[in-house]
Amino acid sequence: MINSCHPVLYEAWMKSRYATLEIVKRDKEMKSDPHVAIHVKKVEIHPWLVQPRTKSPRSRTENFIVQFLELLDPYYTKKKADQRLQKRLNKDLIRINAAFKQMTQVAEYAIDWDDSLGYHPELYTAFLAPVLESWSSHLVKLTLKVPPSMLNSLARVRLPKLDTFAFHFSTGSLSFREINGLYDGFVVFLNNLKDSLSSLTFLSTHSSQELDVSRVFRKMGRFPLLKKVCLSIPFDGGHLSDPNTFVHFLKRHRATLNELDLFSSRCTPRTKAGDPDLINWIQRILNSIHTPFPQLRRIGMSLRPLRAPLDTFIRFIDMHSSTLDSLTLTDRVLSYSEVWDVLRSSSITASLQQSSITDLNMRLYTFSVQLIVDFAFLLPSLKTLKIDCMRISADRGESEISHILLQNQEVLASWRLQRLMLQIPDCHLSLAERIKQDICVYLSDLSVTINRS
């Protein structure tokens, strides 16, 4: 048995087995064993819907009594169902809170609300502010997606060691005025994180019809330790009506910022047309930054709109070429010439050939062995390359693969690439496997992963 093995091995197994606890449904077996609970470092909870047990009358007499009581109170059956529901909810709360009280080492906590369903306010009331307060002395990472009506309770919460915070905005059909009233306490909570926060991520759902996060950025202060900022909103830009509020927020953190991600998601359905220029929200942000961030090392961007010129993106990348070591470009499928438009600008090429970039992630229309060789020449320090492509080119057959690699073996021999990840259609799997086999001859330490797109 596990508990009869060597104490060191047993302790290591316990740490591995119980490091992460995910709660996705009613768990009648939720344990509060202190020896187990002390090993839990990460808790993820997905609040569930509780259904009251349907209780049918068991006899003719009982059925008669129920019918009589319904004559006296038409809502009798509903009230009894609500009582049973509340009883089950209370049992869940008691069971999970008892387990949480034993977890004294939790460093990461996540609450994930399924906004496509209804919810029980009692669960969020219990699992939000009270749990955060009980873990405040050791919580370093927090991810929240909760009903907006729960947010004002955060105003009283202090998390002095919180390093990483990710928040999902999901406001559904709430009006602009309703949203502003519900998010005041949230802004207070955010500003109270100023002494510890180093990573901030905001994401918004496409179903948030009247959301505008500009007001949140306008009310946020300075975070002296902030290093990473990520903003992901629907690509139409309606959730950021004034991009300058975000730009001013970034500029307040110029000295410390080393990672910036600007990503987009599916468009928000609206009852009335918005400002058409907001679709260029990423370009407007980048064009408003005229002085480089001196510590910026990692850039991630959605290339939206898909057919827009790349000049703004290239200028921003070029501006930070001396410090850049990671670049992620999503959404747009780039042609061969567009890849080199991004990477061959005079200053970025010079910087990258010296040492700089180590991680590159992009979408390409065509992947080829020649492309690999070009990357080896332009990006000698590259360690991780992730490519999502539409097709693989080998115009002169599979013999072309070996020929190109052999011709460029000196360039490949000095390349530092350690991981190559390819996302490709099924029809090109065999060709991808051939490339993998041949390239590993010249890069013996290379790990290649091939996934279907």
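The following exchange examines a predicted model through its core, salt bridges, aromatic pairs and backbone.

In this predicted model, local features need pLDDT of at least 70 and side-chain atom pairs count only at pLDDT 80 or more, while totals for chains, interfaces and linings use all residues. Residues are numbered from 1 along each chain as its sequence is written, and side-chain values use heavy atoms, with hydrogens and water left out.

Visitor: Which helix gives the largest share of the largest nonpolar core?
Guide: A nonpolar core is a set of buried Ala, Val, Leu, Ile, Met, Phe, Trp, Tyr and Cys residues joined through side-chain atoms within 4.5 Å. The largest one has 128 residues, and Phe-100, Phe-127 and Phe-375 are among those with the most contacts inside it. Helices (H or I, at least four residues) and strands (E, at least two) are DSSP runs, numbered from the N terminus. The largest share of this core, 7 residues, comes from residues 369-378, helix H15.

Visitor: Is Asp-92, the salt-bridge partner of Arg-95, buried or exposed?
Guide: A salt bridge places a side-chain nitrogen of Lys or Arg within 4 Å of a carboxyl oxygen of Asp or Glu, and the closest N and O atoms of Arg-95 and Asp-92 are 2.5 Å apart. The two residues are 3 apart in helix H4 (residues 76-102), and are therefore separated by about one helical turn. Relative accessible area under 20% means buried, over 50% exposed, and in between partly exposed (1.4 Å probe, protein chains only). Arg-95 has 19% and is buried; Asp-92, at 1%, is likewise buried.

Visitor: How many residues apart are Arg-218 and Asp-242?
Guide: Arg-218 and Asp-242 form a salt bridge with closest N and O atoms 3.8 Å apart. This pair links distant parts of the chain, with Arg-218 in helix H9 (residues 214-219) and Asp-242 in the loop between strand E7 (228-234) and helix H10 (243-251). Arg-218 is exposed at 52%, whereas Asp-242 is partly exposed at 26%. Their separation along the chain is 24 residues.

Visitor: What is the angle between the planes of Phe-167 and Phe-186?
Guide: Rings of Phe, Tyr and Trp (its six-membered ring) pair if their centres lie within 6.5 Å, with planes under 30 degrees apart counted as stacked, over 60 as edge-to-face and the rest as tilted. Among the 21 aromatic pairs of the structure, Phe-167 and Phe-186 form a tilted one, 4.3 Å centre to centre. Phe-167 belongs to strand E5 (residues 164-169) and Phe-186 to helix H8 (residues 184-191). The angle between the planes is 35 degrees.

Visitor: Which ring does Arg-304 lie over?
Guide: A charge sits over a ring if NZ of Lys or CZ of Arg is within 6 Å of the ring centre and within 35 degrees of the ring normal. Arg-304 is also joined to Pro-305 by a cis peptide bond, with omega about -10 degrees. At 4.4 Å from the ring centre, Arg-304 lies over the face of Phe-235.

Visitor: What is the phi of Asp-331?
Guide: Most residues other than glycine have a negative phi. Asp-331 is in the loop between strand E10 (326-330) and helix H13 (336-343), and is partly exposed at 21% relative accessibility. Its phi is positive, near 75 degrees.
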